[in-house]
Amino acid sequence: MRFRFNHVSFSKYLTFAVAAGVALFVAFGNSSMLSADSAKLLADRHKAAGIECNSCHKETPPKEAVKTEVCTGCHGDYDALAKRSEKVEPNPHESHEGKIECGMCHHSHRVSDNYCSRCHAFGFKVP
Ligand code: HEC
Ligand code: HEC
Ligand code: HEC
Ligand code: HEC
């Protein structure tokens, strides 16, 4: 009985989630409604700043994920990054998680993640 109840409420949840997903897609799926910037992935933004594939990828053609040291080579270490984001509360570049890989949050060819949201509800907007 208990299992059946859970099952029913789960499928209701699923129906809701799918409906919400469709509604979101209808509302925001049309990229012409987004500003050009928010539609761009990090690799595109780098390209716009004159940073080509091989400034990040050391192998030709690119095929591997880019290491954190390549990112910090241009952007500085966590201390420098923490200064740039010091107005953000809490600071995403200075936390009890220490010097984690940039790729825990920033992705270059897909939408970035907020790693901290696995445990917290900070409203970070990760570029
Ligand atoms: C060759 C130098 C270079 C490398 C390597 C590089 N970046 Fe950048 N990055 C830039 C420049 C230039 C900009 C645009 C100006 C700025 O915001 O600093 C930029 C912008 C950014 C931004 C801000 C984007 C925005 O729209 O606000 C983020 C986040 C970022 N880089 C993360 C990374 C990560 C993560 C890596 C490693 C995977 C990386 N960068 C590698 C030079 C570099
Ligand atoms: C916990 C998630 C997280 C990690 C890990 C992380 N960042 Fe960020 N990063 C953010 C968020 C959130 C912002 C946006 C801050 C803001 O709103 O100004 C940001 C912004 C940036 C910016 C733009 C700063 C500016 O002045 O506009 C750069 C460059 C950047 N990150 C580089 C890096 C690099 C390089 C690494 C790895 C060494 C890294 N980040 C690791 C979350 C993260
Ligand atoms: C800002 C640094 C940066 C730039 C510029 C960049 N990449 Fe990447 N690339 C990455 C990172 C980091 C990954 C790991 C996956 C991710 O974060 O999306 C990756 C992964 C890849 C992969 C492996 C498949 C995958 O998605 O994991 C390929 C192929 C690739 N990049 C091709 C390119 C090409 C082609 C360009 C130029 C048009 C380019 N990259 C520009 C950072 C970069
Ligand atoms: C695996 C779970 C987990 C992750 C991931 C995580 N945290 Fe936490 N965080 C905790 C726990 C547990 C506490 C302590 C809870 C408390 O005392 O309320 C904490 C506390 C904090 C606090 C309050 C600490 C203080 O000084 O009182 C801040 C700020 C914080 N985390 C920021 C971050 C940021 C930023 C990230 C991402 C870089 C992050 N956390 C990722 C679990 C996590």
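## Ligand shells in a helical chain

By class, 8 nonpolar, 7 polar and 2 charged residues form the shell around ligand 3. Here Ala, Val, Leu, Ile, Met, Phe, Trp, Tyr, Cys and Pro count as nonpolar, Asp, Glu, Lys and Arg as charged, and the others, Gly among them, as polar. A residue is near a molecule if its C-beta atom, placed from the backbone, lies within 6 Å of it.

This is a predicted model, in which local features need pLDDT of at least 70 and side-chain atom pairs count only at pLDDT 80 or more, while totals for chains, interfaces and linings use all residues. Residues are numbered from 1 along each chain as its sequence is written, and chains are lettered from A and ligands numbered from 1 in the order in which they are written.

**The chain.** The protein chain has 5 helices and 0 strands. Helices are DSSP runs of H or I with at least four residues, strands are E runs of at least two, and both are numbered from the N terminus. Of the 127 residues in the protein chain, 2% are buried. Buried means that 20 or more other C-beta atoms lie within 10 Å of the residue's own; exposed means 12 or fewer, and partly exposed is in between, with C-beta atoms placed from the backbone.

**The shells.** The table compares three ligands by class.

| Ligand | Nonpolar | Polar | Charged |
|---|---|---|---|
| Ligand 1 | 10 residues | 6 residues | 1 residue |
| Ligand 3 | 8 residues | 7 residues | 2 residues |
| Ligand 4 | 5 residues | 3 residues | 2 residues |

Around ligand 3 there are 17 residues, and Cys 53, Cys 56, Pro 62, Ala 65 and Ser 108 come nearest. Helix H2 (42–48) and helix H3 (53–56) each supply at least two residues of that shell.

Ligand 1 also has 17 residues around it; the nearest are Ala 49, Ser 55, Cys 71, Cys 74 and Pro 127. H2, H3 and helix H4 (68–75) each give two or more residues to this shell. H4 gives the most, with 5 residues.

The shell of ligand 4 includes Cys 116, Cys 119, His 96 and His 120.

**After the last helix.** Ile 100 is found in the segment after helix H5 (78–84). Why is Ile 100 partly exposed? Because 13 other C-beta atoms lie within 10 Å. Tyr 78 is 22 residues away in sequence and 9.2 Å from Ile 100, C-alpha to C-alpha.

Val 111 also follows H5. Val 111 is exposed, because 8 other C-beta atoms lie within 10 Å. Its C-alpha atom is 8.4 Å from that of Pro 127, 16 residues apart along the chain.
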